[in-house]
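Thanks for making the time this morning. I would like to walk you through one model, going from sheets to helices and then to the question of how far to trust the coordinates.

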Amino acid sequence: MKNDLPPLSRQRLVVVGNGMAGVRAVEELLKIAPELYDITIFGAEPHPNYNRILLSPVLAGEQTVEQIVLNPLAWYEDNGITLHRGLKVTRIDRVKRRVIAEECRSGRGGTVEAPYDRLLLATGSNPFILPVPGKDLPGVISYRDIADTEAMIDAAAKYRHAVVIGGGLLGLEAANGLAKRGMAVTVVHIMPWLMERQLDETAGKLLQAELEKRGIAFEIGAQTAELLAGDSGRVAAVRFKDGRQIPADLVVMAAGIRPNTALAESAGLLCANPRPGGVVVTDTLQTVTDPRIYAVGECAAHRGVAYGLVAPLFEQGKVCATHLAQFGIGRYTGSQVSTKLKVTGVDLFSAGDFMGGEHHEEIVLSDPFAGVYKKLVLKDDRLVGACLYGDTVDGSWYFKLIREGRKVADIRDKLMFGESNIGDAGHEGHNKAAAMADSDEVCGCNGVTKGTICKAIKDKGLFTLDEVRKHTKASASCGSCTGLVEQLLMFTAGGDYSAQPKLKAMCGCTEHGHQAVRDAIRAEHWLTIDAVYRGMNWRTPNGCASCRPAINYYLLSTWPKEAQDDPQSRFINERSHANIQKDGTYSVIPRMWGGETTADELRRIADAVDKYRIPTVKVTGGQRIDLLGVKKEDLPKVWKDIGMPSGHAYAKALRTVKTCVGSEWCRFGTQDSTQMGKDLERALWRMYAPHKVKLAVSGCPRNCAEAGIKDVGVIGVDSGWEIHVAGNGGIKTEVAQFLVKVKSAAEVLEYSGAFLQLYREEGWYLERTVHYVNRVGLDHVKKRILDDAEGRRALWERLQFSLDGEPDPWFEFEKARVDLRQFEPVQPLRAVVPIVPVASGEGSAHLNGTATRETA
Amino acid sequence: MSTRTPSWVPICRVEDIPLLGARRVLRERGMPVALFRTPGDQVHALLDRCPHKGGPLSQGIVAAEGVACPLHNWTIAFADGRAKAPDEGATPTFACQVEAGVVMLDAEQLAQHAIDLAPPVAGPCARAGAAVPIVAHAVAHVVTAA
């Protein structure tokens with residue numbers, strides 16, 4: 001046995017358990033502090049770390065043991081990790097800080113000792129063995145590791161009858177695998193239907209019928225009394241309490257698992273017994289008894305929960321690693337979990353309180369012929385649970401609704417048909433990942449195909465949605481393909497994964513969410529980004545491209561006329577006041593009030609196009625003209641020549657007010673929509689917001705201006721104007737919701753302005769009005785705008801105060817803090833370059849020692 | 001990597017670059033060099049070209065350790081020009097020195113370093129087939145300051 005003495009400077013980390021949770025924690029540690037520890041890992045199994053979730057495909061003959069290895073032996077070697085395979089740690093000596101391990105095969109008697117400075121327990125869980133006579137007979141096994149799997153494969157080759165005790169996920173996967181290998185399988189399940197902790201009765205029965213079709217027999221409600229031996233001494237039959245017997249050459253115990261805490265208990269570490277079991281750990285994954293000892297994974301009990309799903313285990317591993325690396329910044333605060341399971345090609349999903357009951361309402365879709373069943377459970381106008389069978393693509397959406405607890409009255413009629421049926425675009429309406437070809441596009445935003453995603457999952461060992469997003473960009477933009485990506489994760493990596501932190505941090509620079517930052521800026525009257533960073537303990541000195549623009553906006557919108565804009569914290573478009581294109585040129589879109597223009601304006605535009613050789617001129621969807629391919633150095637000159645106001649087509653700000661022709665000309669028009677649109681645009685232009693804002697005004701209910709999919713849509717009727725809010729024509733087509741009907745144009749201005757100011761004050765950065773209203777609820781908006789007349793007027797006044805005197809960035813450079821230097825390159829004088837290659841340029845460098853620029 | 005002593009050419013004053021901002025330096029041949037200024041009057045120089053789709057890094061949001069490309073938000077580190085994982089690829093770096101408030105680049109690098117990399121194209125000229133294909137993840141040799 002290798003027995004290297006570590007150099008004295010390095011600390012020693014010993015990991016007990018060579019499974020997914022422990023090794024993941026080590027991987028995270030190596031990423032951030034590769035030199036800190038000498039690492040020793042003990043694993044009772046003779047294998048390197050493998051993906052336990054994929055044992056079922058191995059059993060079913062779909063994959064090999066080699067294929068499910070996550071970290072080959074070379075990985076341990078490359079990272080200088082001492083791996084003791086086939087050794088079981090039997091004792092922790094907390095006084096001398098060492099562990100003692102024995103070889104797993106009895107009789108060999110070898111022991112190994114390893115001293116530690118830090119100890120990580122990742123001992124996983126043990127199968128629960130029914131305490132019935134005959135449980136120790138040959139041929140009776142559990143289903144937990146590669147050895148069990150191999151025993152089953154072996155038995156399938158020699159014997160005929162298998163009995164699986166337990167109709168949960170594990171039992172059913174075992175049964176399926178054994179059946180595929182040709183055995184006659186009976187599943188014994190004491191509860192009234194299969195997977196009763198994940199499925200309701202209907203879904204459980206559907207699942208049973210499906211599996212019966214595949215030749216698996218069931219003994220539902222049967223109680224096992226005894227396992228009987230045959231002549232050879234091997235198990236031969238199962239006897240039930242009612243006296244019946246069925247033949248069994250192989251019995252698989254799959255009646256649940258328990259955290260494996262024997263070692264921890266023997267070392268005096270506090271465990272949460274009897275339920276949930278597990279070593280009690282803090283938010284830093286340290287055991288409460290001994291801070292030198294950590295525990296992660298199924299063996300750990302955190303805030304009274306022992307997690308058995310991959311995502312929480314990995315989250316724990318990450319936090320544990322930062323603490324081991326002495327960063328000490330991470331805290332694990334628990335995970336909300338849903339169950340998304342795959343039993344033998346049947347998709348199942350459940351989350352929350354899917355059973356329902358008194359005071360609950362249920363929406364049910366049942367199509368047994370097509371093998372689809374969906375139940376949604378609502379309480380007090382909120383989704384509280386979901387159970388899906390056969391079509392789980394919307395599982396993550398339901399899970400999100402459950403977590404957010406948002407009211408669903410407005411989407412209740414469409415809820416059952418899922419997110420993909422309320423206007424999704426971008427992935428051709430696919431909702432079953434398995435049916436897609438490798439070349440089919442899953443993520444329309446980033447052009448990622450199914451094949452690319454599956455390859456990344458396999459090659460890079462991805463397990464979570466976040467990892468897939470980071471590596472492939474799939475589902476990282478609009479998120480509408482999230483359900484598909486989750487399905488691919490399940491097919492490819494196996495198992496379950498969906499768990500997300502309850503509170504989403506703004507970015508990697510902080511643990512605070514958007515609301516907390518907004519609130520603090522108001523409460524503390526902070527006026528600079530630095531004050532926010534200092535006050536909220538930002539982790540990075542200058543933030544990042546994600547938090548800086550957000551905070552800049554929050555400061556400006558919370559303290560107008562007090563906080564000062566920081567152009568370097570704005571995205572390039574808002575710094576150069578034009579829209580960057582893929583080749584680094586820009587587009588220029590001048591403002592055309594209400595979409596109306598004149599011959600004079602068009603002439604100036606045409607002249608500028610000729611003069612600056614602008615390659616493309618295009619009419620936009622917002623009734624304006626887009627000049628594409630303008631060089632950055634030409635921008636100020638083009639603006640000056642055109643002589644029209646900035647269209648802010650590049651900004652998180654008011655974009656256009658689209659109008660129809662209206663009563664001035666149109667024979668159907670009832671209201672002067674063009675004038676209304678111009679008035680709105682003149683009142684609201686230069687208005688920065690959390691995201692872009694688009695308005696439209698139609699002069700009659702024929703709605704030619706498409707006001708129904710705008711942030712504020714105004715529709716003229718004979719007796720006045722209807723105002724609709726929070727529509728969106730983007731990735732997800734969202735029809736605007738009716739807010740109010742008013743009589744006069746002045747009221748249109750006041751109500752629209754008040755709504756937009758509310759959004760400006762309460763919206764999170766990059767949140768469109770539709771997402772903002774979904775988050776706070778339309779009732780909240782109505783309360784503030786309709787029920788509270790004084791509050792509405794105050795909002796409208798605050799907006800006017802904010803906009804009063806705001807500069808046009810195309811002309812008032814200084815006031816708009818436009819740094820004109822950006823339009824000119826720094827250019828070394830010709831005297832300096834070109835330079836002939838200098839062999840040894842000593843001294844010559846300073847000959848031209850003055851700073852040189854072509855332009856100031 | 002060469003052991004040659006750089007021949008420093010003065011380019012501009014540190015204040016000519018906005019704090020947490022950037023300026024472009026045009027070259028006789030090859031794409032411009034982007035200069036970035038971070039707190040403490042540190043100045044970093046990269047080829048003005050993201051390894052992903054060729055975006056102009058000088059137009060990105062500048063943080064302490066790197067710049068976020070304006071096109072697709074890849075983060076490129078000043079220290080070695082590498083994209084932040086899991087993105088892969090690197091932008092050529094340029095030796096850069098600040099002396100008495102004057103920013104200096106190496107003349108030889110200005111003249112010769114990474115002059116083979118082409119800018120991205122868009123619009124009608126790309127349609128006409130005049131396009132120079134942009135190779136994603138193109139990794140040029142990275143030169144660090146001697």
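Let me begin in chain A with an open sheet of four strands, which follow one another in the order β30-β31-β33-β32 and pair in the antiparallel sense. The edges are taken by β30 (579–580) and β32 (616–619) of chain A, and since each has a single partner strand, one side of each is left without a neighbour in the sheet. If you look at the β30 edge, you will find that β30(A) is joined to strand β31 (residues 586–588) of chain A by two bridges, with the strands antiparallel, and that A:Asn579 stands opposite A:Ser587 in β31(A). I should say at once that this is a predicted model, and I will come back to the confidence values towards the end.

There is a second sheet that I would like you to see, also in chain A. Here three strands in the order β13-β14-β15 form an open sheet, again with antiparallel pairing, and the edge strands, β13 (224–229) and β15 (245–247) of chain A, each pair on one side only. From one strand to the next, the twist averages 25°. Between β13(A) and strand β14 (residues 235–240) of chain A, which run antiparallel, there are five bridges, and within this part of the sheet A:Glu226 stands opposite A:Arg239 in β14(A). As a reminder for reading both sheets, strands pair through backbone hydrogen bonds, either parallel or antiparallel.

Now to the helices, where I have centred the discussion on α21 of chain A. Two packed helices are described by the angle between their axes and the distance between the axes, and I will give both for each pair.

Which residues bring α20(A) and α21(A) into contact? Helix α20 (residues 673–684) of chain A has an axis that comes within 11 Å of that of α21(A), and the two cross at roughly 40°, so α20(A) and α21(A) are oblique to each other. The crossing of α20(A) past α21(A) is right-handed. The contact is made on the α20(A) side by A:Met676, A:Asp679, A:Leu680, A:Ala683 and A:Leu684, and on the α21(A) side by A:Ala745, A:Val748, A:Leu749, A:Ser752, A:Gly753 and A:Leu756. Sorted by class, the contact of α20(A) with α21(A) has eight nonpolar, two polar and one charged residues.

The next partner is helix α23 (residues 778–787) of chain A, whose axis comes within 10 Å of that of α21(A), with a crossing of roughly 135°, and that makes α21(A) oblique to α23(A). This crossing, too, is right-handed. From α21(A) the contact takes A:Tyr751, A:Ala754, A:Phe755 and A:Leu758, and from α23(A) it takes A:Val781, A:Arg784 and A:Ile785; by class, these divide into six nonpolar, no polar and one charged.

The third partner is helix α24 (residues 789–803) of chain A, which packs against α21 (residues 745–762) at an angle of about 75°, with the axes 8 Å apart. The two, α21(A) and α24(A), are therefore roughly perpendicular to each other. On one side are A:Glu750, A:Gly753, A:Ala754, A:Leu756, A:Gln757 and A:Leu758 of α21(A), and on the other A:Arg792, A:Arg793, A:Leu795, A:Trp796, A:Arg798 and A:Leu799 of α24(A). This contact has six nonpolar, two polar and four charged residues.

Two backbone details deserve a careful look. Most residues other than glycine have a negative phi, and most peptide bonds are trans. A:His648, in the loop between α19 (635–642) and β34 (654–659) of chain A, has a positive phi, near 50°. In chain B, the peptide bond from B:Ala85 to B:Pro86 is cis, with omega near 5°, and B:Pro86 is placed in the loop between β7 (75–77) and β8 (93–94).

Finally, confidence. Chain A has a mean pLDDT of 88, with 90% of its residues reaching 70 or more, but the pLDDT is below 50 over residues 495–501 of chain A and over residues 829–856 of chain A. For chain B the mean pLDDT is 85, and 85% of its residues reach 70 or more, while residues 130–146 of chain B are below 50. Where pLDDT is low, the predicted coordinates should not be read in detail. For the complex, the predictor gives an ipTM of 0.85 and a pTM of 0.66.

Technical notes
Residues numbered from 1 in each chain as written. Chains lettered and ligands numbered in written order. Predicted model: local features only at pLDDT ≥ 70, side-chain atom pairs only at ≥ 80, totals over all residues. Axes fitted to C-alpha atoms, helices over the stretch in contact; angles between N-to-C directions. Parallel < 35°, antiparallel > 145°, perpendicular 65-115°, else oblique. Contact = placed C-beta atoms within 7 Å. Nonpolar A, V, L, I, M, F, W, Y, C, P; charged D, E, K, R; others polar. Pairing = 2+ DSSP bridges. pLDDT = per-residue confidence, 0-100. Left-handed = near helix turned anticlockwise from the far one by under 90°.
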